[in-house]
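Morning, everyone. Please have a look at the structure on the screen.

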Amino acid sequence: MSLIFRRFMASASASSSTTITLKPTPSKSHHHSPIPSSSFPKGYLLTGLHCGIKKKPGIPDLGLILSTSPHQTTAAACFTKNTFKAAPVLVSEHVLVKNGGKARAVVVNSGCANAVTGKQGLKDAWAMVEETDRLLPSSSESTSSDQEHHTLVLSTGVIGQNLPISKIIAGIRSQTPSSTTSTLSNDFAGWERAARAFMTTDTFPKLRARTFKIGGVEYRMAGMDKGAGMIHPSMGPPRASAGGQLHATLLGCILTDAPVSSKSLQSALTYAVERSFNSISVDGEMSTNDTILVLANGAAQDSSNAALKVEEIDEETNKEGYEVFKKELTEFAIDLAKLVVRDGEGATKFVTVTVKNAPTYPDAHRVASRISTSALVKTALYGEDANWGRILSATGSVPLSSSPSGIPLEIDPKKVSVTFIPSDGSSPLPVLINGEPEKVDEARAKEILVKEDLEVEVDLGMEQVGEEEGLARYWTCDFSYEYVRINGDYRS
C-alpha cells in the first residue's frame with residue numbers, strides 16, 4: 001500500500017465516527033482449474049508467449065489463435081461503442097466487413113491498448129494482422145482477392161502509448177508452425193497460455209469449455225476473456241453491418257467447431273452479448289477496446305458420425321438448430337462474463353441485480369444497470385450495509401420507455417418491492433413491499449451481506465408491454481479501498 005494511500009486511510013479513520021473494516025480481497029484462484037483437452041473444439045491452434053511488451057520477464061503478453069480447419073471459418077464480433085475506438089477495433093471491424101463475416105486467426109496483446117495512437121496505431125495494428133496471416137495454412141480462401149486479410153486483432157493495456165511493434169512482430173514470427181520455437185497446440189496448455197497472454201490486472205486466466213448437440217451431432221465450444229477494471233461494456237456488431245490515461249479492458253474470444261453461417265453467427269452473438277457482457281459492471285467505465293469475438297470453423301463434421309447429415313446452422317434454413325446454438329452461446333457468454341465481475345479489481349462481493357416486472361426488457365436492463373453502477377449502492381455493499389434507500393434512489397432515476405400510444409411510462413412507487421436474496425438458499429429478506437418499508441432484521445441482513453455472493457431483487461410491479469419479458473439481470477461487485485489503490489497507481 002502506498003504512503004499516500006496509508007495517510008488517506010489514517011485521515012479517513014480519524015475523521016469518521018464509523019469504522020469500516022479494510023477487508024482483504026478474497027482469492028479468486030479457485031475459479032481456474034485444468035480442463036480436459038478433449039473438451040476443446042477441433043481445428044484450432046493456440047498459444048501465448050512473452051514478447052517484451054510487459055516489463056517483467058516471462059509474463060505472457062502476446063497470444064495467437066489459428067483456425068486450421070479445411071472448412072470455411074466464419075466470424076462475428078461485438079465492439080465497443082466508445083467514440084475513441086482503439087486501432088485494433090477499427091482494423092478488426094474493417095476485416096470482418098470486407099470479408100463478409102469470415103476470419104481465420106486472432107492476434108492479441110496485453111500491456112498496451114494501442115488506443116488514441118493516431119496513424120501509427122493503425123499502422124501497427126495492420127502489421128500484426130499481416131504477420132499473423134502468414135502463419136495460416138494455405139487454403140482456397142486465401143487466394144480470394146476480396147479476402148486479403150484473415151486475422152482479427154485485439155489489444156489491452158494502457159491507453160495513449162504506442163506498441164513496441166518490432167517485439168510483437170518477432171514474437172509472431174517465432175510461432176511459424178515449422179519453427180522449433182513454436183508452442184502452438186490445441187491442448188489445455190495451449191489454451192491456458194493464450195488465456196494468460198491478455199491478462200492485465202486479472203488475477204486468474206478466465207477459461208471455460210462445454211459440449212452440446214444439434215441434430216445428433218456433438219459440438220464443442222470454448223473461450224476465454226479478460227477484464228477486472230474499467231468494466232461497463234456497451235458493445236454492438238461491426239458498424240457497417242449494423243448500420244484519458246486509463247487502462248482498457250474487456251476482451252473475449254469464443255471458438256466453436258460447429259458450422260454456422262456468418263449472418264447467423266453475428267445474430268446469435270449480438271443476442272448473447274446483450275444478455276452477458278453488456279450486463280456486467282465493475283466500475284461503470286466503458287473502454288475504448290471492448291471486443292468479443294466468435295469463430296466457427298465447422299471442424300466437428302470431420303469426426304462426426306458419417307451417417308448423420310451435418311447441416312449448417314442458419315437462422316433461416318435451420319431455425320431449430322440455430323435456436324439451440326443461440327441458447328448455448330448465450331449461456332456460455334454469461335459464464336465468461338461472470339468471471340470478469342468475480343475478478344473485479346478489489347472486489348469482495350459478487351452481486352446479481354435482478355429487475356422484474358418492468359414494462360419491457362430494455363427498461364429492466366436500464367434500471368439494473370443504474371443500480372449496478374451506483375457508487376453509493378456499491379460502497380454500501382462493501383460495508384455490508386442493507387441501505388436499500390440507495391437502491392430505490394438509483395431505480396427512480398431511470399426514465400422508462402413509452403407505451404405503444406406514445407405516453408411515457410412511469411414507475412409507481414406504491415408497487416415497488418426490494419428483496420435481498422442469499423446465495424445459500426435460505427429465506428430471502430424483503431425490505432420494501434409495495435412501497436411500504438418492512439421492519440428490517442439487521443442481524444439477518446448482516447448474515448446475507450457478509451457472504452461473497454448475494455442477489456438484490458427489485459420488482460417494479462408494472463405490466464408487460466410487448467412480447468419480450470420485462471426481466472433483466474446485471475452482475476456487479478462492490479467498491480473497495482483496494483479498487484482505489486489499484487487505479488490510483490496503475491501505470492506505475
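I'll take three spots in this predicted model, one after another.

Start with a pair of helices. Helix H2 covers residues 87-98, and helix H3 covers residues 118-133. Their axes are 8 Å apart, and they pack at an angle of about 50°. H2 and H3 are therefore oblique to each other. The crossing of H2 past H3 is right-handed. Who makes the contact? From H2 we have Ala87, Pro88, Leu90, Val91, His94 and Val95. From H3 come Gly121, Leu122, Ala125, Trp126 and Val129.

Next, one residue: Thr291. You'll find Thr291 in strand E12, residues 291-296. Is Thr291 buried or exposed? Its relative accessibility is 1%, so Thr291 counts as buried. Now its side chain. A polar atom there lies 2.9 Å from the backbone oxygen of Asn289. What else does Thr291 touch, if we leave aside neighbours within four places in sequence? Thr291 is in contact with Cys78, Phe79, Val89, Leu154, Met235, Leu250, Leu251 and Gly252.

Last stop: helix H11, residues 388-396. Which residues of H11 are buried? Trp388, Ile391, Ala394 and Thr395. These buried residues sit on the same side of H11, because they cover an arc of only 115° around the axis. Ser393 and Gly396 are exposed, on the other side of H11. And what covers the buried residues? The cover includes two helices, H9 (361-373) and H10 (375-382). Strands are in the cover too, including E14 (417-422), E15 (429-433), E16 (436-437) and E17 (453-459).

That's my tour. Over to you.

Conventions:
Residues are numbered from 1 along each chain as its sequence is written. This is a predicted model: local features need pLDDT of at least 70, side-chain atom pairs count only at pLDDT 80 or more; totals for chains, interfaces and linings use all residues. Side-chain values use heavy atoms; hydrogens and water are left out. Buried means under 20% relative accessible area, exposed over 50%, partly exposed in between (1.4 Å probe, protein chains only). Helices (H or I, at least four residues) and strands (E, at least two) are DSSP runs, numbered from the N terminus. The arc is that of the directions from the helix axis to the C-beta atoms. Contact means heavy atoms within 4.5 Å. A polar contact is a pair of N or O atoms within 3.5 Å; within protein, one must be able to donate a hydrogen and the other to accept it, and residues adjacent in sequence count only if both atoms are side-chain atoms. Axes are lines fitted to C-alpha atoms, for helices over the stretch in contact, and angles run from 0 to 180 degrees between N-to-C directions. Angles under 35 degrees count as roughly parallel, over 145 as roughly antiparallel, 65 to 115 as roughly perpendicular and the rest as oblique. A crossing is left-handed if the near helix is turned anticlockwise from the far one by less than a right angle, and right-handed if clockwise.
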